[in-house]
Amino acid sequence: MKPIRLLLLDDHILFRDGLRRLLASEPDFETVAECGTPEEALEALARSAIDLVLLDFELEDDTGTRFIAAATAAGYKGKILMVTAGMEPPDVSVARKLGISGIFLKHDPPASLLEAIRTVAGGGVWMDPKATPPTAAGTGIKSGTRTTHLTPREEKVLRCIFEGLSNKEMAYQLGVSLSSVKATLQHLFDKMGVRTRGQLVLKAIERSLESARER
């Protein structure tokens, strides 16, 4: 039987090393690449056939969801299992829309991770209940529709974008982590149906004009 070919993407070297050792103890796993940045991982995907990516959400200067979008655009058709310390509900929603096959929380037992990998590689889904966001009814977002209602945090981030602030400058001004800013930006992109900051600004201007006409 062919082994499950894995790619590890996590910016913590010690965690990657421990994970690689764990996987090496299983005869049905083959770790093809071990990467610390999305750029390295995308290069590895271009070089080798990968069945499953084990992906951390919080990367040093990026998020796992951005990597998923880039990998999909580059033609990757394998499975993705998020292996993370935790994700906010909006991030989980975005990741699921991007087609991940599961979320495994790092504090769960190693034996459960092996089970999760085999489940996902076999075509199943592994969603840790502690990582599953509330239903659409509980968030004020109607299922199957796109909302333009913004939270106070999203409004603040949008104002910062208008001011031309970088992600790091926004994090400092708002008193939040860089990963939180990135997550909010990703949720704004998803809500507005855009892919870039420029498109987001144009969409926000259109929204303001529509509101003004209604008044």
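Leaving aside neighbours within four places in sequence, Met-170 is in contact with Val-157, Cys-160, Ile-161, Leu-165, Val-181, Leu-185 and Arg-197, where contact means heavy atoms within 4.5 Å. The model is predicted, so local features need pLDDT of at least 70 and side-chain atom pairs count only at pLDDT 80 or more, while totals for chains, interfaces and linings use all residues. Residues are numbered from 1 along each chain as its sequence is written, and side-chain values use heavy atoms, with hydrogens and water left out.

Met-170 belongs to helix H8 (residues 167-174), and Met-170 is buried, with a relative accessible area of 0%; buried stands for under 20% relative accessible area, exposed for over 50%, and partly exposed for values in between (1.4 Å probe, protein chains only). Between Met-170 and Arg-159 there are 9.8 Å in space, C-alpha to C-alpha, with the two residues 11 apart in sequence.

For the chain as a whole, the secondary structure comes to 10 helices and eight strands, taken as DSSP runs numbered from the N terminus (helices H or I, at least four residues; strands E, at least two). Of the 215 residues in the chain, 40% are buried, and residues 24 or more positions apart account for 65% of the contacts with a separation of 6 or more.

Six strands form an open sheet in the order S2-S1-S3-S6-S7-S8, with parallel pairing, two strands being paired if DSSP finds at least two bridges between them. Strand S2 (29-35) and strand S8 (126-127) each have a single partner strand and stand at the edges, so one side of each is left without a neighbour in the sheet. Helix H2 (residues 38-47) packs on this sheet, touching strand S1 (4-9), S2 and strand S3 (52-55), and the direction of H2 makes about 160 degrees with that of S1; axes are lines fitted to C-alpha atoms, for helices over the stretch in contact, and angles run from 0 to 180 degrees between N-to-C directions. S1 is mostly covered, with five of its six residues buried.

Two of the parallel pairings are set out here.

| Strand pair | Bridges | One bridge pair |
|---|---|---|
| S1 and S2 | six bridges | Leu-8 and Glu-34 |
| S6 and S7 | four bridges | Leu-81 and Gly-102 |

Leu-8 also appears in the lining of the largest cavity, together with Leu-9, Asp-10, Phe-15, Arg-16, Leu-19, Leu-54, Leu-55, Asp-56 and Val-83. On a 1 Å grid over the protein atoms alone, a cavity is a set of points where a 1.4 Å probe fits but cannot get out, a pocket is an open set with protein on both sides within 12 Å along at least five of seven lines, and lining residues have an atom within 4 Å of a point. A search of the whole structure finds one cavity of 30 Å³ or more, and the largest cavity holds about 40 Å³ of space, a volume being the space filled by probe spheres set on grid points that are joined across faces, edges and corners. The largest share of its lining, three residues, comes from H1.

The second largest pocket has a volume of about 420 Å³. Of the 14 residues that line this pocket, the closest to its centre are Ala-69, Leu-98, Gln-186, Val-194 and Arg-195. Helix H3 (64-73), helix H4 (89-97) and helix H9 (178-192) each supply at least two residues of the lining, and the largest share, four residues, comes from H3.
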